[in-house]
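This report describes selected strand pairings and aromatic contacts of one protein chain. The sequence and structure are shown first.

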Amino acid sequence: MSLPDAKKLYAVIDGTWPASARQAVGPWVVRLDRSGSSRVSAATAEREVTEDDIAQAADAMRHAGQTPLFMIREGDDALDAMLAVRGYAIKDPVNMYAAPAAKIATERPPPVTSFEVWPPLAAQIEVWAEGGIGQGRLDVMERAGVPKTTLLGRLNDRPAGTVFVGVACDCAMIHALEIAHAHRRQGLARHLTRAAAFWALDAGATYLTLVTTQANDGANALYTSLGMTLVGQYHYRILTE
């Protein structure tokens, strides 16, 4: 079974974590959103660009009240170099992971550890808020027009973690996995990832996928230990003024 490649996962990100608006501006897709999430606030090049094209995209983002931000995907080496010369700094290098969902869905979480919930409960919203995930990102989850759910994780009979999962194409993608500080390092992130894989199979997905920053050592170690494969990388360039 061939895993989805980076190009496919770019589309899965757009499908499961959609911007509030998208504009076609010259060779760009410019995503507009006030959530603070880079995935829905960045421009991507859909064909070869020039120096003048960069200014066009930057102006569109400024006009919408956003700081110019570009997502640098595989094959965007020339764009990356042009942005670097113009003073755009690298932001959040990201790893993209994938695995057959059946490979992860091998062991169900212990009883009363994970519950499928939509819409999310107040307890989940509190866990996300503690981790800096606020209303803007909740709005992203709400408008995702795909099969979706959240999972509430519990430890010691208390709400302890939460995650959003959506399906696009044949891929389920995990977003916003957050464990409350008091409940970390007790295996709940692993349980929720496995629970997401079971839900993905029930929703008709073939693969479980996700993205995480390269700096998040704990998350990268977890997903590697579960048998997920690194299938691509990307980063952002943001204007430092």
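## Basis of the description

A residue is termed buried when its relative accessible area is under 20%, exposed when this area is over 50%, and partly exposed in between. The model discussed here is predicted.

## Strand β10 and its neighbours

Strand β10 spans residues 207-213, and six of its seven residues are buried, so the strand is largely enclosed by the rest of the structure. One of its partners is strand β5 (residues 88-100), which runs antiparallel to β10 and is joined to it by seven bridges. Within this pairing, L208 of β10 lies opposite A99.

Strand β9 (residues 171-179) also pairs with β10, here in the parallel sense and over four bridges. T209 in β10 is the bridge partner of M173. Helix α7 (residues 188-202) completes a right-handed β-α-β unit with β9 and β10.

## Aromatic pairs

Seven aromatic pairs are found in the whole structure. One of them is formed by Y10 and Y234, whose geometry is edge-to-face, with 6.4 Å centre to centre and 70 degrees between the planes. This pair links distant parts of the chain: Y10 belongs to helix α1 (residues 6-16) and Y234 to strand β11 (residues 229-239), 224 residues apart.

Are these two rings buried or exposed? Y10 has a relative accessibility of 10% and therefore counts as buried, since buried means under 20%. Y234 is likewise buried, at a relative accessible area of 3%.

A further pair consists of Y97 and Y223, with ring centres 6.1 Å apart and planes at 50 degrees, so this pair is tilted. It too links distant parts of the chain, as Y97 is in strand β5 and Y223 in helix α8 (residues 217-225), 126 residues apart. Y97 and Y223 are both buried. Strand β5 thus contributes Y97 to this ring pair and is also joined to β10 by seven bridges.

## Ring cluster and charges over rings

Y10 and Y234 also belong to a cluster, in which ring pairs link them with Y236. Which charged end sits over the ring of Y236? It is that of K91, placed 5.8 Å from the ring centre.

A second contact of this kind involves R108, whose charged end sits over the ring of F198 at 3.9 Å from its centre.

Definitions and conventions. Residues are numbered from 1 along each chain as its sequence is written. This is a predicted model: local features need pLDDT of at least 70, side-chain atom pairs count only at pLDDT 80 or more; totals for chains, interfaces and linings use all residues. Side-chain values use heavy atoms; hydrogens and water are left out. Buried means under 20% relative accessible area, exposed over 50%, partly exposed in between (1.4 Å probe, protein chains only). Helices (H or I, at least four residues) and strands (E, at least two) are DSSP runs, numbered from the N terminus. Two strands pair if DSSP finds at least two bridges between them. A crossover is right-handed if, with the strands pointing away from the viewer, the path from the first strand over the helix to the second runs clockwise. Rings of Phe, Tyr and Trp (its six-membered ring) pair if their centres lie within 6.5 Å; planes under 30 degrees apart count as stacked, over 60 as edge-to-face and the rest as tilted. A charge sits over a ring if NZ of Lys or CZ of Arg is within 6 Å of the ring centre and within 35 degrees of the ring normal.
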